Each structure stands twice: as C-alpha cells, then as structure tokens.
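Student: I should like to take a close look at a single part of this structure, namely the surroundings of the ligand. Please guide me through that part with some care.

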Amino acid sequence: MCGIVGYLGRRDCADVLMDGLEKLEYRGYDSAGIAVFEGNSIRTVKTRGKLKCMAQKLAEDGKPEGFCGIGHTRWATHGEPSDINSHPHSNGRVTIVHNGIIENYAELKEFLTEKGYSFVSQTDSEIVACLLDYYYTGHDRMSWGASPEGRTDAPQSKLAPDPLRAIMETVKELHGSYALGILFKDFPDRVYATRKGSPIIVGLGQEEYFIASDIPAFLKYTKDYALLDDDEIVCMEKSGVGFYDVHGIAVKKQIHTADWDIEQAQKCGFPHYMLKEIHEQPEVVTKTLDSIVTDGVPDFSGIGLTDELLRGVKRVFVVACGTAMYAGIVGKYAVEKLARVPVTTEIASEFRYMDPIVGEDDLVILVSQSGETADTIASLELAKSRGARTLAVVNVKYSAIARGSDMFIHTLAGPEIAVASTKAYSVQIAVLYALAFRFAYARGIMPESEMKRLTAQLYGTSKAIRDVIDNKDECQFIASQLMNAEKLFFIGRGFDYALSLEGSLKLKEITYIHSEAYAAGELKHGTISLIERGVPVITVATQRHVLAKTVSNMEEVKARGATIIAVCRKGTEFAEGTVDIKLELDIGDELDDMLIPLPTVCALQLIAYYTSVQRGIDPDKPRNLAKSVTTE
Ligand code: F6R
C-alpha cells in the first residue's frame with residue numbers, strides 16, 4: 001500500500017524522490033506527489049494517477065529545485081483518488097506524507113476544527129499534519145487530555161516550536177497504523193519520520209540520507225540502512241541522522257547492509273517483473289533449501305525448532321493471507337500426510353477475531369512474503385498472547401513478523417516486486433515441505449533414509465520448474481484460448497485442489513476474468529449449475545492416486561459443455577473427447593506426486609501471466625491491488 005520516500009543530501013531531491021517512488025510502484029497506488037524545500041519554502045506537486053502523470057505535471061509546472069523533501073504514492077482509503085486527496089498534505093507549518101489509517105481521525109478533526117483549523121481534503125492524513133502543527137506552534141497537552149473525557153479548555157501554555165516534541169505529542173493521540181514523513185517549514189534542511197505498524201527504513205549514504213517504505217527506493221544510492229521501530233522517531237539533517245524513542249531520548253540503531261543489489265530489484269531485460277520472478281524460481285528454491293538443509297536433510301535446530309519441540313507439538317496452525325495462505329494449504333496436506341499432526345490453515349483476518357482455540361501445545365506458523373501484512377501481524381500477537389510457539393516463514397528479513405515470532409525461517413526469494421506473488425509462494429511451499437519431512441522424522445514416523453530421499457526429490461523440483469519454464473510456449477497458447485473468457489473454473493483433488501486455489505487467484509487478480517477454484521468432487525454440490533457451453537475448466541490432474549476420480553469430475557463438466565484444459569504429467573491418458581487441451585508437464589516420472597505442486601504452479605503462473613498480457617493488462621500492477629497490505 002502507499003509508498004513513502006524522503007531525501008536529504010546533495011542530489012536533485014525531486015529526481016531522487018521520483019526515482020524512489022518508481023521503485024515503490026509495486027506496492028499499488030492511485031496518485032502521487034512530492035514536496036521539496038526550495039530555499040525556505042516548501043513546494044508541493046501532486047496529482048491523481050500514475051507516476052507518468054506526475055512526471056507530466058512536473059514538466060508542465062516546473063520541477064521543485066532543492067535537496068530536501070518527501071514523496072508519496074497513495075492507495076486511497078479515506079477519500080477518493082483525486083489531486084486534493086493526494087499526498088503530501090500541508091497544514092500550518094507542517095507538511096506530511098502518511099501510510100496507514102488513523103482510526104480516530106473523525107474525533108481529532110472535530111477537536112482541531114474547534115481550535116480553528118480547516119481542512120481541504122477528505123483524508124485522515126491531513127488531520128496528522130494539523131495536529132503536528134497544533135503541537136508545534138506551542139500548544140501543550142493541557143488543552144487536550146489523554147482521552148476525550150479528559151479534554152479541557154484550560155489555558156494553554158505556549159511552548160517554543162520544537163519538531164521532536166510536536167511529533168512525540170502527536171503520536172500519543174493517534175490510534176491506528178502509520179508511517180509518516182514530515183517536513184517543518186522552519187527547518188528547511190531536516191526530514192523527520194516516525195512509524196507504528198507500517199514500515200519506515202532509513203537509508204544511510206555518504207552525507208545523504210533517505211527514508212522509504214522499502215529498501216529498493218534507495219538501493220541505487222546506498223545498501224546501508226537502519227530499521228525504525230514502532231514509536232521511534234528519526235531526524236535526518238546535514239550533520240547526520242538522529243534516532244529517538246517515544247520519550248525523545250536518543251537511541252542507537254543497528255546498521256544493516258542489504259544482501260541484494262539493485263539488479264535484483266530490476267527487470268533485467270524481462271518485459272515484466274512477474275515474468276522475471278517466475279523465471280527466478282528454480283534458483284531461489286535451491287537457494288532457500290540450501291539455507292535449511294544440512295547433510296542432505298532439513299535441520300531447523302539452529303532457530304530453536306528442535307526435534308524435541310516438534311515431538312511435543314499437538315496441533316499446527318498455518319495463518320496467512322491470500323497466496324501465502326494457499327501455500328499454507330499445501331503445507332497442511334504435506335504435514336498431515338507425513339507427520340500425522342492435525343494442521344488447520346486459517347485466513348489471518350478471520351483468525352485474529354475468531355477467538356481461536358490455540359495454546360501452549362500448538363505451533364502457529366505465520367507465512368508471509370512481506371512480513372508486514374497487518375492481519376498476519378495481529379494473528380501473531382494473538383498466538384503469542386495465548387502461549388503458542390510461533391514460527392515465521394517470511395521473505396523479508398527484519399520485517400515485523402520475522403522479528404516478532406519466536407522462530408524465523410527466512411525464505412530466500414529475494415525482492416518480489418510484481419504485485420502477484422510467484423517466487424515467494426514457491427519458496428514458501430518448499431520450506432513447508434522440508435518442515436513436513438523433519439516433523440515426520442522427529443515424531444519417529446519417517447526414517448532418516450526416507451527424509452534424505454524426499455529432500456533430494458525436493459531439490460529435484462528446481463529442474464522440474466525449469467523444464468516447465470522451457471515449455472512456456474504451451475502456456476502462452478492456452479492463454480490465447482482463455483483471453484476472451486468471461487469466467488472459468490479450476491478444479492483438482494488433494495494437492496491439485498490446493499494448487500487450483502492458487503492458480504485461480506493468480507489468474508483472476510491479473511486478468512480480471514472471474515475465476516473460481518473448487519475441489520473437483522465438490523462442483524456437483526451446486527457450482528456445476530454455472531457450467532455451460534464453452535466455459536473453460538482448468539483441471540489440475542497430477543495426483544495419480546485420485547486421477548480416476550478427477551477424470552470422472554472432468555467428464556461431468558464436459559457433458560455440460562465445458563472446455564477442458566488438463567494440466568497433467570506427460571503421458572497421462574484420458575478417454576477420447578474428454579480433454580480439449582492438454583498441458584503435459586515434461587518433468588520425468590521420478591518426482592513424487594506430493595512435490596508436483598512446485599513445477600505445476602509455475603505452469604499456472606505462466607498461464608495467468610500470458611492471459612493478462614494478451615488482454616492488454618499490466619500484470620505487474622493489477623488494478624485495486626497493493627503489494628504490501630499494511631491495513632486491515
Ligand atoms: C496474491 C498476493 C497476495 C499476498 C497477500 C499476503 O498474488 O500476493 O494474496 O499473498 O496479500 O501478503 P504477504 O505474503 O506479504 O503477507
């Protein structure tokens with residue numbers, strides 16, 4: 001969701017901000033803007049629309065000239081996408097950009113209106129600029145109180161303008177989540193930022209400093225960064241960067257160095273990030289496995305996930321959102337099949353409010369690419385409060401979920417820029433398989449030799465994925481048959497069902513074709529009434545022990561006029577007339593059926609990708625979607 005950048009240094013600030021915003025485009029947005037100090041005054045340029053609209057506006061109005069400023073891409077929550085609602089917002093002597101939601105904005109607005117402030121936008125964010133100004137211009141908390149009941153209109157003691165104090169006072173009043181980049185008109189060589197629940201990363205270059213929602217925004221200039229923690233404040237000025245806690249006390253921060261470079265965050269000759277990221281899967285699966293396999297078997301003892309702990313676990317919950325949750329379903333099937341431990345996969349936004357029966361004997365696995373998804377973070381907190389052990393399977397090191405969990409497995413997909421998750425899903429399921437093997441071994445169900453064999457097979461999926469990518473023309477052909485469809489279905493059984501869910505999500509999110517995924521045996525309990533002549537039904541049919549059953553379900557829909565596209569192992573035979581298009585995965589006979597989701601999902605991703613492109617959609621930036629969902 002919204003992207004924040006800020007810069008202080010010697011470069012052309014507007015260029016740095018625009019460049020940073022471009023790197024954050026993947027987060028999803030509908031408007032953009034920048035504010036830059038021109039001498040002692042702040043000039044803001046903002047507009048509804050994509051960055052090319054901003055670039056046009058800058059060309060028409062003239063680019064603000066200066067070395068210090070903030071920028072923003074907005075994903076509308078309060079108030080429609082419009083020029084006025086775009087950030088930055090200014091009020092009084094303060095200009096801000098905001099990511100997140102201020103839940104008590106209506107109450108704050110009422111108070112500030114009483115105090116004589118007026119507002120031009122419909123956003124919750126403008127209230128923050130106002131409240132900052134209120135405190136900055138010398139009002140102290142005597143006029144406000146800790147709660148609405150506590151407010152008084154007692155005489156105000158005017159304090160000297162102090163940005164740090166103003167921020168400290170303001171954040172005490174804010175309910176909800178926020179990351180804020182802040183300029184104070186009286187300090188033309190300073191950028192402030194603070195956060196709660198939404199990320200702010202501080203880039204530390206040579207006499208130049210950055211704030212951003214994500215590292216790619218400044219990676220071109222520096223690899224060194226510090227992470228702002230909840231409630232901390234950063235002040236960047238020419239002499240250096242200062243970090244402060246909620247009481248204004250200076251804090252020392254650890255400096256990290258990004259272990260990937262700008263190349264990895266660029267398209268490298270691919271037309272889209274999504275295609276590039278699909279191609280990276282063989283490599284990142286191997287890399288991730290290398291990080292969790294020792295002497296040919298998965299070993300998690302280094303993060304505290306010992307065999308003893310695994311033996312003691314009574315139940316497992318996998319909690320996540322969207323694609324990460326669908327990866328969790330593959331994990332559930334694998335852990336239950338091999339380790340015979342009950343696993344429940346939960347949607348994080350449900351888990352957090354359903355008063356789940358979870359406690360000390362349970363292991364709660366939080367799966368997330370970004371590690372910043374609001375509902376998954378809340379689920380983590382809930383699981384911890386109930387005494388459960390928590391394990392993060394997360395792609396972004398130092399993210400909230402990675403840092404907040406008892407144990408953390410770092411998936412090594414590298415930066416995933418395309419909104420639709422691909423390589424992150426593959427590494428998530430690779431880790432969950434490896435976990436299933438170790439689980440089964442730890443519980444005495446699987447001998448070490450079998451764990452070794454399966455681990456070698458898991459490594460083998462990397463080649464199988466590459467084989468699927470090598471045959472991408474077939475996926476492109478299938479896409480040409482789907483591009484005019486109004487609706488379609490995915491069906492499958494067992495692991496194929498889990499994959500159907502992901503294949504369907506991928507396709508609908510980037511093609512806008514209505515797609516549903518069903519357990520193949522479930523269609524006739526209602527949904528089959530939607531099948532009519534020509535409706536494509538993509539049948540994932542790789543699981544040999546249920547193949548005959550899946551074929552019966554294909555025939556049921558075929559009899560009602562569906563066009564059947566079967567995704568299956570090479571050499572799978574179907575009765576004549578059952579299948580219209582066969583996508584045979586040429587992955588060899590050796591690969592265990594249980595592990596076929598890794599190459600198969602790649603085929604489904606490619607079908608979704610090419611269908612999107614053939615429909616003239618940018619698959620990297622589907623409408624209405626954000627990469628990192630930091631609000632509920
Ligand atoms: C779909 C997609 C989303 C994410 C979901 C969770 O392609 O990417 O469904 O999987 O928003 O995000 P993370 O994994 O960052 O928690």
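Student: Which atom of Gln369 lies 2.6 Å from an oxygen atom of the ligand?

Tutor: Please keep in mind that the model is predicted. In Gln369, the atom concerned is a backbone N or O atom, and it lies 2.6 Å from an oxygen atom of the ligand. Ser368 also approaches an oxygen atom of the ligand at 2.6 Å, but through a polar side-chain atom. A further contact is made by Val419, where a backbone N or O atom is 3.4 Å from an oxygen atom of the ligand. The ligand, taken alone, exposes 400 Å², and the protein buries 89% of that area.

Let us now consider the shell as a whole. Around the ligand there are 13 residues, of which Ser368, Gln369, Ser370, Thr373 and Glu509 come nearest. By character, the residues of the shell comprise seven polar, four nonpolar and two charged ones. Two elements give two or more residues each to this shell: helix H9, which covers residues 322–339, and helix H16, which covers residues 495–511. The largest share comes from H9, which supplies three residues.

In summary, the contacts with oxygen atoms of the ligand include one from a side chain, that of Ser368, and others from the backbone, at Gln369 and at Val419. Around the ligand, H9 provides the largest share of the shell, and the protein buries 89% of the area that the ligand exposes when taken alone.

Definitions and conventions: Residues numbered from 1 in each chain as written. Predicted model: local features only at pLDDT ≥ 70, side-chain atom pairs only at ≥ 80, totals over all residues. Heavy atoms only, no water. Near = heavy atom within 4 Å. Polar contact = N/O pair within 3.5 Å; in protein donor to acceptor, adjacent residues only side chain to side chain. Areas by Shrake-Rupley, 256 points an atom, 1.4 Å probe, with all protein chains shown as cover. Helix = DSSP H or I, 4+ residues; strand = E, 2+ residues; numbered from the N terminus. Nonpolar A, V, L, I, M, F, W, Y, C, P; charged D, E, K, R; others polar.
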